[in-house]
Amino acid sequence: MSPSEPGSRRWTRWRRLTQAGVALFYLALPWVNAAGFREVAGTLASLKVGPVDLTEPVAALAAALAGLTVSWELVLGVAPVAALALLAGPVFCSWVCPWGLISEGVDRLRQRLGPRPWRGSPWVGVRRLRWAALAGVLLAGALLAAPLGALLSAPRLITTLPLEAVWLRVVSPVTGGLLGALLLLELVGPRRLWCRALCPVGALANLLRTPRTLRVAWDPARCACARHPSCFLRCPWGVDPRQAGRYDGCSNCLVCVDGCPSGALRATASPRQRCDESNSGRGGEE
Amino acid sequence: MVGSSRFAWLRALLAPAPLRPPGARPEREFAALCIRCGRCGAVCPYRSLVPAGWAYGPEAGTPMVVARSVPCYLCMECPPVCPSGALDPITDKRAVRMGVAEVNPATCYAHLGILCRTCVDECPLGAAALGQDGQLRPLVREGCVGCGVCEKVCPTPEPAIVVRPATGGVRP
């Protein structure tokens with residue numbers, strides 16, 4: 001893929017379009033179902049598309065661990081989603097998840113009211129927290145014999161909200177309460193803490209990748225920025241694409257690519273190239 | 001199902017056992033497998049399935065039937081849509097095992113000598129599930145699947161016939 005013009009919003013425009021599309025889809029779905037069309041139905045935990053079930057991998061994994069059983073329904077439902085994720089790479093959080101859209105919006109609002117730019121290496125700070133949160137929620141679910149990973153999934157909650165509101169004409173205290181707590185965390189907590197470190201769905205989405213999935217490649221020869229690169233400062237995830245490793249939480253929003261003033265960053269799907277090797281030489285990419 | 005009953009006593013203190021949708025696996029398995037996707041609730045034409053509240057602890061958000069509010073009318077739409085296997089995809093309403101109805105002779109009008117056969121008339125499974133004894137009092141039979149329609153229609157202020165939720169899943 002060719003480098004975009006410096007300061008363009010090429011990727012971001014497409015991304016907002018898909019994010020808004022997904023959000024509107026799940027907002028409209030309960031009305032469509034209520035009108036009698038049932039061939040497409042569900043939430044971001046499980047979506048039925050005609051005869052095909054698409055099941056969210058963390059929910060399925062949590063259910064399998066809680067029940068200590070592997071049901072073929074779950075395997076069949078996860079297979080297409082996992083295959084898609086492995087093909088595209090970690091794009092769910094930035095391109096699909098409606099909570100990601102809300103979280104980005106709240107973060108931008110907070111930055112406008114009182115800027116708190118990323119400092120240091122925030123992507124390193126949440127590395128362990130992210131794995132611990134995923135392992136913790138799966139382990140706790142196994143001990144309690146309840147799929148907590150499914151219960152605490154932000155994409156499930158935000159797509160369940162319209163379903164409950166339109167269909168049951170009530171918002172359950174569980175869905176409403178959890179979403180309220182999440183919103184509070186976005187409003188007063190550390191910047192985008194939920195998405196960057198705590199969301200089990202995001203943590204697993206970050207793992208589902210191959211050497212051929214979408215990622216950001218950096219060409220140090222073209223890079224003109226020194227200490228405070230705009231890519232890092234503008235990253236909604238607090239990731240410096242020049243130093244971050246493969247599993248450091250980049251979800252391919254490509255804001256850095258759009259904002260790079262020198263064309264040193266680009267989106268690529270081909271396995272490691274020259275620029276990556278020099279990158280790993282600086283201790284980033286493993 | 002290792003470790004599943006560990007906190008059952010705690011939940012029993014906070015909330016009564018929930019009445020699950022038709023086709024539900026045995027309670028512990030159901031609670032472990034249900035991913036709270038809401039698809040059974042979305043497909044129910046009667047809006048019978050509501051998400052369990054916080055009192056259900058880690059099972060919050062799982063679907064349940066509050067029979068006195070809206071019972072299950074055994075349309076059998078929900079079991080086949082479950083994507084996790086928490087509901088067995090049964091379509092025969094007689095194979096359902098949500099629970100069993102129980103009559104409280106102290107408050108049931110028929111037991112008190114007032115002519116009433118509301119529950120017997122409304123039972124979707126008929127005399128195989130809910131008949132009458134020699135004195136025209138409701139008699140729960142083998143065929144009762146626990147849909148809760150009787151509990152809904154009972155004219156006493158507090159229902160004199162209520163469903164005791166099963167822990168057992170599908171009838172063999």
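Which residues of strand β6 of chain B form its covered face, and which its uncovered one? In this predicted model, the strand spans residues 161-165 of chain B, with B:I161, B:V163 and B:P165 on the covered face. The uncovered face of β6(B) consists of B:V162 and B:R164.

The pairing of this strand can be followed next. Strand β3 of chain B, residues 99-103, is joined to β6(B) by 5 bridges, and the two strands run antiparallel. Within that pairing, B:A101 has B:V163 as its bridge partner in β6(B); B:V163 also belongs to the covered face of the strand.

Beyond β3 of chain B comes a loop that leads to α4 (118-122), and B:L112 is found in this loop. Is B:L112 buried, exposed or partly exposed? It counts as partly exposed, because 13 C-beta neighbours lie inside 10 Å, whereas a buried residue would need 20 or more and an exposed one 12 or fewer. B:L112 can also be placed relative to B:R137: the two residues are 25 apart in sequence, and their C-alpha atoms are 9.3 Å apart in space.

At the level of domains, the assignment for chain B gives domain 1 as residues 5-93 and domain 2 as residues 94-165. A distance of 22 Å separates the C-alpha centres of domain 1 and domain 2 of chain B. Contact between them involves 16 residues of domain 1 of chain B and 17 residues of domain 2 of chain B. On the side of domain 1 of chain B that touches domain 2 of chain B, the residues comprise 11 nonpolar, 1 polar and 4 charged.

Chain A offers a sheet to examine. It is an open sheet of 3 strands in the order β1-β2-β3 of chain A, and its pairing is antiparallel. The edge strands, each of which pairs on one side only, are β1 (40-42) and β3 (52-55) of chain A. On average, neighbouring strands of this sheet are turned by 15° against each other, with direction ignored.

Within the sheet, β1(A) is connected by 3 bridges to strand β2 of chain A, residues 46-49, in an antiparallel arrangement. One residue pair illustrates the register: the bridge partner of A:A41 in β2(A) is A:K48. Helix α3 of chain A, residues 72-88, packs on this sheet and touches β2 and β3 of chain A. The direction of helix α3 of chain A makes about 75° with that of β3(A).

Note on methods: Residues numbered from 1 in each chain as written. Chains lettered and ligands numbered in written order. Predicted model: local features only at pLDDT ≥ 70, side-chain atom pairs only at ≥ 80, totals over all residues. Pairing = 2+ DSSP bridges. Helix = DSSP H or I, 4+ residues; strand = E, 2+ residues; numbered from the N terminus. Axes fitted to C-alpha atoms, helices over the stretch in contact; angles between N-to-C directions. Contact = placed C-beta atoms within 7 Å. Domains from an automatic or database assignment. Nonpolar A, V, L, I, M, F, W, Y, C, P; charged D, E, K, R; others polar.
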